[in-house]
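Subject: Structure for your review

Hello,

Here is the structure I said I would hand over, with notes on what was found in it below. Please read the notes with the model open.

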Amino acid sequence: MTLPIGLQLYTVRDDLARDVDATLAQIAEMGYQYVELAGLYDKSPEQFRALLDKHSLTAIASHEAVDDPKVAAERAQVLGHKFIVCPYLNESQRKSYVAIAKRLTEAAAKLSEQGLTVCYHNHDFEWQPADGGRRGIDILFDTPEYKALNSELDVYWAAKAGDNPVDWINKLTGRLPLLHMKDMADSPEKGFAEVGTGVLDFKAMIAAARSAGVKYYIVEQDSNWKVSPLESAKVGLENLKKMLG
């Protein structure tokens, strides 16, 4: 049975910067079939797609700016993914979540005509008060006029913000096609940990995710790898397979 587990390639960004072909080969050898893109490492969309095909890997999403929906749609068509994810907001953008939500909602409407879905990937800063005293996360996902915007909830960052990821998975039912699976170390710093080796309750999150309509579970670890980024990706895949199997 094919499990819907992907790897966010940002996890192995340093390896990709050295050798895209060899790194994708190792990812495929681990057993991954799906990847989420975060840059093309000096390759054209056509070149990167050829390397994915070479290693029987399928792109399911891409972290990128959604400033030009036409360009994003053309790139997605070449690479084959159906989800375009806003990955981060710089400090100036955080001054108005309303402006961001409007822009992403407008892009979502345009891209839906091409069969594409726009998602927003959170960190922890969205839980801070923003426009009019409302939290950024509430402006984005608890405002009826922005319901066309979907979520790629990052469970680690939701927990780091002091919230319960399970509550957000339930809240985002029907708007949560992608879920970032990232664990939290049992340490005062609450740093990153390989999936299944930290303190987050993945059993509860997966149960909620199945009810919420999550399509893909995506392994990611930004830093703090126990051995190496590639080993982190391998551990995450193996542990997540056991949880989902």
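A residue is called buried under 20% relative accessible area, exposed over 50%, and partly exposed in between. By that cut-off Arg18, at 64% relative accessibility, counts as exposed. Please keep in mind that this is a predicted model.

Salt bridges

Arg18 forms a salt bridge with Asp15, and their closest N and O atoms are 3.0 Å apart. Both residues belong to helix 1 (residues 13-18), where they are three residues apart, about one turn of the helix. In general, an α-helix has 3.6 residues a turn, so residues three or four places apart point the same way. Unlike the exposed Arg18, Asp15 counts as buried, because its relative accessibility is 13%.

The count of salt bridges comes to 12. Another of them brings together the side chains of Asp163 and Arg135, at 3.9 Å from N to O. This pair links distant parts of the chain, 28 residues apart: Asp163 is in the loop between helix 7 (155-160) and helix 8 (165-171), and Arg135 is in the loop between strand 5 (117-121) and helix 6 (136-141). Asp163 counts as partly exposed at 23% relative accessibility, and Arg135 counts as partly exposed at 27%.

Lys171 and Asp142 also form a salt bridge, with the closest N and O atoms 3.9 Å apart. Here too the pair links distant parts of the chain: Lys171 sits in helix 8 and Asp142 in the loop between helix 6 and strand 6 (150-154), 29 residues apart. Lys171 is partly exposed at 42% relative accessibility, and Asp142 is partly exposed at 43%. Elsewhere, Asp154, Lys182, Glu220 and Asp222 are joined into one network by salt bridges that share partners.

The barrel

Eight strands make a closed barrel with parallel pairing, in the order 1-2-3-4-5-6-7-10. Neighbouring strands of this sheet are turned by 30 degrees against each other on average, with direction ignored.

Strand 2 (34-37) is a useful place to start looking. Three bridges pair strand 2 with strand 1 (residues 5-8) in the parallel sense, and four bridges join strand 2 to strand 3, again running parallel. Val35 takes part on both sides: Val35 is the bridge partner of Leu7, and its own partner in strand 3 is Ala59. Tyr34 stands opposite Thr58 in strand 3. Which way do the side chains of strand 2 point? Tyr34 and Glu36 point one way, Val35 and Leu37 the other way, and all are buried.

Helix 3

Strand 2, helix 3 and strand 3 make a right-handed β-α-β unit. Phe48, Leu51 and Leu52 are buried in helix 3 (residues 45-54). Seen down the helix axis, the buried residues fall within an arc of 100 degrees, so they line one face of helix 3. Their cover includes helix 2 (20-30), strand 2 (34-37), strand 3 (58-63) and helix 4 (69-79). Just after helix 3, Ser56 has a positive phi of about 55 degrees.

Strand 5 and His123

Strand 5 is mostly covered, with four of its five residues buried. On one side, strand 5 pairs with strand 4 (residues 83-86) in the parallel sense over four bridges, and Val85 has Cys119 as its bridge partner in strand 5. From strand 4 the chain crosses through helix 5 (residues 97-112) to strand 5, and this β-α-β crossover is right-handed.

Strand 5 also pairs with strand 6, in the parallel sense over three bridges. There His121 has Glu152 in strand 6 as its bridge partner. Strand 5, helix 6 and strand 6 make another β-α-β unit, which is right-handed.

Is His123 buried or exposed? His123 counts as buried, because its relative accessibility is 12%. His123 is placed in the loop between strand 5 and helix 6. Leaving aside neighbours within four places in sequence, His123 is in contact with Pro87, Tyr88 and Trp157.

Regards

Definitions and conventions. Residues are numbered from 1 along each chain as its sequence is written. This is a predicted model: local features need pLDDT of at least 70, side-chain atom pairs count only at pLDDT 80 or more; totals for chains, interfaces and linings use all residues. Side-chain values use heavy atoms; hydrogens and water are left out. A salt bridge is a side-chain nitrogen of Lys or Arg within 4 Å of a carboxyl oxygen of Asp or Glu. Helices (H or I, at least four residues) and strands (E, at least two) are DSSP runs, numbered from the N terminus. Buried means under 20% relative accessible area, exposed over 50%, partly exposed in between (1.4 Å probe, protein chains only). The arc is that of the directions from the helix axis to the C-beta atoms. Contact means heavy atoms within 4.5 Å. Two strands pair if DSSP finds at least two bridges between them. A crossover is right-handed if, with the strands pointing away from the viewer, the path from the first strand over the helix to the second runs clockwise. Axes are lines fitted to C-alpha atoms, for helices over the stretch in contact, and angles run from 0 to 180 degrees between N-to-C directions.
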